[in-house]
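Reader: Could you take me on a close look at one part of this model? I would like to start from a single helix and see what it touches, and then follow the thread outward.

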Amino acid sequence: MISNSATQLSPLKGVRVLTLALNLPGPAAVMRLQTMGAKCTKLEPLAPTGMSTADPMGIYKPEAYEEMHKGMKVLQADLKSERGQATLHNQLSQTDVLITSFRPSALVKLGLAWKELHKSYPALCVVSIVGALGARAEEAGHDLTYQAESGLVNGLDMPASLYADMGGSLLTTEAVLQALLLRQRPGRAHGKGVFHEVALSEASAYLALPRTWGLTLPNGDVGGAHAGYKVYPCKNGRVALAALEPHFGVRLCEAAGLAKEATTQMHKRSTHEGIAKFLATQTRAQLEKLASNKDIPLHTLPR
């Protein structure tokens, strides 16, 4: 969440954002932009009969849709019709930043290619969310496929969150800020809109960098190789232990009753076993008290 101070400052007050983006990355980004003070409007396709929205998120998870669109002006139009195009261009004439999430070929068909837009609206900035960069922008894909490509899908387990989508939403927010700053830069391009493409595959790859570097692999210090940084069972649940730095390791080993040399042997099997044996005797309440009293980073979990 954005800090209260950032919200009170409203750094994007006066900035007008129009979004055509559906599902998660675009709406999540606009939710943050709105929190920063931007005036945001969403133009959705016409809702199917009996439904209030055509956005897939509004259909399969209305609560998430409502949270992301709270306080936002939402319009509906068929962009393939003359009336819909008129609504779109009426909005574009009073917009600073346009956010889309269509494939490039679809943007061309809707008259929303960058060259065409820039000619009609020279000050307009455009942020286009795509699956991947270049020719791959036309490929079908989703959060799960981008995470799989980045090595974030383990076995047959589903990822704990939609990391590519949410990472993409943050890159989209960043792209909007970059575009607005570039538009303000003195020089020949001052006041001119800019185009920025955000790829969900790139967002996933960025979030996967610690794994790419080997940090979170099984032999990595934050992948389970370090005895002070892993998840252990405790007496009535689990504990996510993060005593990675030496001073935390010293406190942990002292609490576990291990020999002093264990603090310099956090990768040894005997240290893993000693810490595991100690934690297995402790309840969640006892471990939370230990964390508070000894300043050890941990968080307990149910079984």
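Author: Happy to; what follows starts at helix H9 and then moves on to the parts of the chain around it and beyond.

Please keep in mind that this is a predicted model. For orientation, the protein chain has 15 helices and nine strands. Of its 303 residues, 40% count as buried. The C-alpha atoms fill a box of roughly 75 × 50 × 40 Å along the principal axes. The radius of gyration is 25 Å, where a compact globule of 303 residues would have one near 19 Å. Among contacts with a separation of 6 or more, 65% join residues 24 or more positions apart.

Now to helix H9, which covers residues 163-184. Let me begin with Asp-165, which lies in this helix. Asp-165 is buried yet has no salt bridge. Which side chain of opposite charge is nearest to Asp-165? That is Arg-136, and it is 13 Å away. A salt bridge here calls for a side-chain nitrogen of Lys or Arg within 4 Å of a carboxyl oxygen of Asp or Glu, so Arg-136 at 13 Å does not pair with Asp-165. Leaving aside neighbours within four places in sequence, Asp-165 is in contact with Leu-24, Pro-25, Asp-143 and Leu-200.

Further along H9 sits Ala-175. Is Ala-175 buried or exposed? Ala-175 is buried, with a relative accessible area of 1%. Not counting residues up to four places away in sequence, Ala-175 touches Val-127, His-196 and Val-198. Pro-25, which is in contact with Asp-165, is 150 residues from Ala-175 in sequence, while the two C-alpha atoms are 13 Å apart in space.

Arg-183 is another residue of helix H9, and here there is a charged partner to describe. Arg-183 forms a salt bridge with Asp-96, with the closest N and O atoms 3.2 Å apart. This pair links distant parts of the chain, 87 residues apart: Asp-96 lies in the loop between helix H5 (82-92) and strand S4 (97-100). Both partners are buried, Arg-183 with a relative accessible area of 16% and Asp-96 with 8%.

How does that pair fit among the other salt bridges? The count comes to eight salt bridges. One of them joins Arg-251 and Asp-295, at 3.0 Å from N to O. Because Arg-251 lies in helix H13 (residues 246-256) and Asp-295 in the loop between H15 and S9, this pair ties together parts that are 44 residues apart in sequence. Arg-251 counts as partly exposed at 28% relative accessibility, and Asp-295 counts as partly exposed at 47%. Another brings together Arg-269 and Glu-273, at 2.9 Å from N to O. Those two residues both lie in helix H14 (residues 269-280), four residues apart, or about one turn of the helix. Arg-269 counts as exposed at 65% relative accessibility, whereas Glu-273 counts as partly exposed at 43%. Coming back to Arg-183, salt bridges that share partners join Arg-16, Asp-96 and Arg-183 into one network.

Asp-295 has a backbone feature too. Most residues other than glycine have a negative phi. Phi of Asp-295, however, is near 55°, a positive value in a residue other than glycine. The loop that holds Asp-295 runs between helix H15 (284-294) and strand S9 (298-301). Asn-23 also has a positive phi, of about 75°, although it is not a glycine. Asn-23 lies in the loop between strand S1 (16-19) and helix H2 (25-35). Asn-23 is buried, with a relative accessible area of 17%.

That loop leads us to H2 and its meeting with helix H4 (residues 62-69). The axes of H2 and H4 come within 8 Å and cross at roughly 35°. On the H2 side, Pro-27, Ala-28 and Met-31 take part, meeting Glu-67, Met-68 and His-69 in H4. By class, this contact has four nonpolar, one polar and one charged residues.

To return to where we began, helix H9 holds the buried Asp-165 without a salt bridge, the buried Ala-175, and Arg-183, which is paired with Asp-96.

Notes. Residues numbered from 1 in each chain as written. Predicted model: local features only at pLDDT ≥ 70, side-chain atom pairs only at ≥ 80, totals over all residues. Heavy atoms only, no water. Buried < 20%, exposed > 50% of the residue type's maximum accessible area, 1.4 Å probe, protein only. Lys, Arg positive; Asp, Glu negative; His and termini not counted. Contact = heavy atoms within 4.5 Å. Axes fitted to C-alpha atoms, helices over the stretch in contact; angles between N-to-C directions. Nonpolar A, V, L, I, M, F, W, Y, C, P; charged D, E, K, R; others polar. Rg over C-alpha atoms; globule rule 2.2 N^0.38 Å.
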